[in-house]
Structures are given as structure tokens and as C-alpha cells.
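Thank you all for making the time. I would like to walk you through one structure this morning, going from a single residue outwards to the whole chain, so please keep the picture in view while I talk.

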Amino acid sequence: MRKLILLIVVVLLLAGCSPWIGMHNIELGMSKAEVMQLMGKPSNSSGSGNEEYLWYIPANRFWERYYVHIVNGKVEAYGQLGKQSPQAEQ
């Protein structure tokens, strides 16, 4: 029983520390379809007119929020919410 509990704890720790891959594959100018193919369905989306935000919350880092800003169907900016990134400035 102890070994099972220890195994579960180790698996949970490793899963919590594993990087959430996906955002590093996004590039400026990508289409919304390409983003969704890489990232999957967003947790939420918002916007109006020709602008849209796709919001992503990683399962293993639920306290972090990531966004993809789409203008005229193309990625204009992306990154972690609350952090300044070079992608968001361009």
C-alpha cells in the first residue's frame, strides 16, 4: 500500500512539473484554424468585429492563463497573461 501511495505522489509531482507544450509552436500570422490544431479548443474565447481572443488554461498549471489575439483571422499576439513578451509587443 505504501508503494502505491508513493507511486501516485511521484506521478502527480512529475505531471505538475511537466512543461505545457504548445504555445512555443505558435507564430505571428498563423490562422485561427492552425492555432486550434496545435493548441486544441480554447477554454474560453471573446471578441467582436475582426478581433478575437482565445484563452487557454493548462490542466497541469491551472493558475496560469495564456491568450492568443487574432485580428482579421491571423495571430497578432500571444503569450502568458500578465507577462510582457516580445510577441505581444510586435
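Let me start with a serine: once residues up to four places away in sequence are set aside, S31 touches G73 and K74. Before I go on, please keep in mind that this is a predicted model, and that everything I say about contacts and areas is computed from it. S31 itself sits in the loop between α1 and α2, and with a relative accessible area of 18% it counts as buried, because the cut-off for that class is under 20%.

The loop between α1 and α2 also holds E27, and here the picture changes, since E27 has a relative accessibility of 51% and therefore counts as exposed. Even so, E27 has partners from elsewhere in the chain, namely V75 and Y78, when residues up to four places away are not counted. The C-alpha atoms of E27 and K74 are separated by 9.7 Å, although the two residues are 47 positions apart along the chain.

K74 comes up once more if we move to H69, which is found in strand β3. Leaving aside neighbours within four places in sequence, H69 is in contact with E51, E52 and Y53, and also with K74, V75, E76 and A77. Is H69 buried or exposed? At 11% relative accessibility, H69 counts as buried.

That brings me to the sheet as a whole. It is an open sheet of four strands, in the order β1-β2-β3-β4, and the pairing is antiparallel. The edges are taken by β1, residues 44-48, and by β4, residues 74-80; each has a single partner strand, so that one side of each is left without a neighbour in the sheet. On average, and with direction ignored, neighbouring strands here are turned by 15° against each other. As a reminder for reading the picture, in a regular strand the side chains alternate between the two faces of the sheet.

Let me take the strand pairs one at a time. Five bridges join β1 to β2, which run antiparallel, and within this pair the bridge partner of S48 is E51 in β2. The two strands form a hairpin with two residues between them, and G49, in the turn, has a positive phi of about 60°. Moving on, strand β2, residues 51-56, is joined to strand β3, residues 66-71, by six bridges, again in an antiparallel arrangement. One bridge of this kind to look for on the screen pairs Y56 with Y66 in β3.

Now to what packs against the sheet. Helix α2, residues 32-39, lies across β2, β3 and β4, and runs at about 5° to β2.

How many salt bridges does the structure hold? There is one, and it is formed by the side chains of E52 and K32, at 3.0 Å from N to O. This pair links distant parts of the chain, with E52 in strand β2 and K32 in helix α2, 20 residues apart. In general terms, side chains of opposite charge can pair when their charged atoms come close. As for the surroundings, E52 is partly exposed, with a relative accessible area of 21%, and K32 is likewise partly exposed, at 29%.

There is also something to see on the surface. M1, L4, I5, L7, I8 and V9 form a nonpolar patch there, and together they present about 620 Å² of accessible area. To take one of these residues, L7 lies in helix α1, residues 2-17, and since its relative accessibility is 52%, L7 counts as exposed.

Let me finish with the chain as a whole. The protein has three helices and four strands, and from the N terminus on these elements run α-α-β-β-β-β-α. Of the 90 residues, 27% count as buried, and the accessible surface comes to about 6400 Å², of which 60% belongs to carbon and sulfur atoms. If we consider the contacts with a separation of 6 or more, residues 24 or more positions apart account for 30% of them.

I am happy to go back to any of these places on the screen.

How values were computed:
Residues numbered from 1 in each chain as written. Predicted model: local features only at pLDDT ≥ 70, side-chain atom pairs only at ≥ 80, totals over all residues. Heavy atoms only, no water. Pairing = 2+ DSSP bridges. Axes fitted to C-alpha atoms, helices over the stretch in contact; angles between N-to-C directions. Contact = heavy atoms within 4.5 Å. Patch = residues over 30% accessible without salt bridge, like charges linked within 9 Å, V, L, I, M, F, W, Y side chains within 5 Å. Areas by Shrake-Rupley, 256 points an atom, 1.4 Å probe, with all protein chains shown as cover. Salt bridge = Lys/Arg side-chain N within 4 Å of Asp/Glu carboxyl O. Buried < 20%, exposed > 50% of the residue type's maximum accessible area, 1.4 Å probe, protein only.
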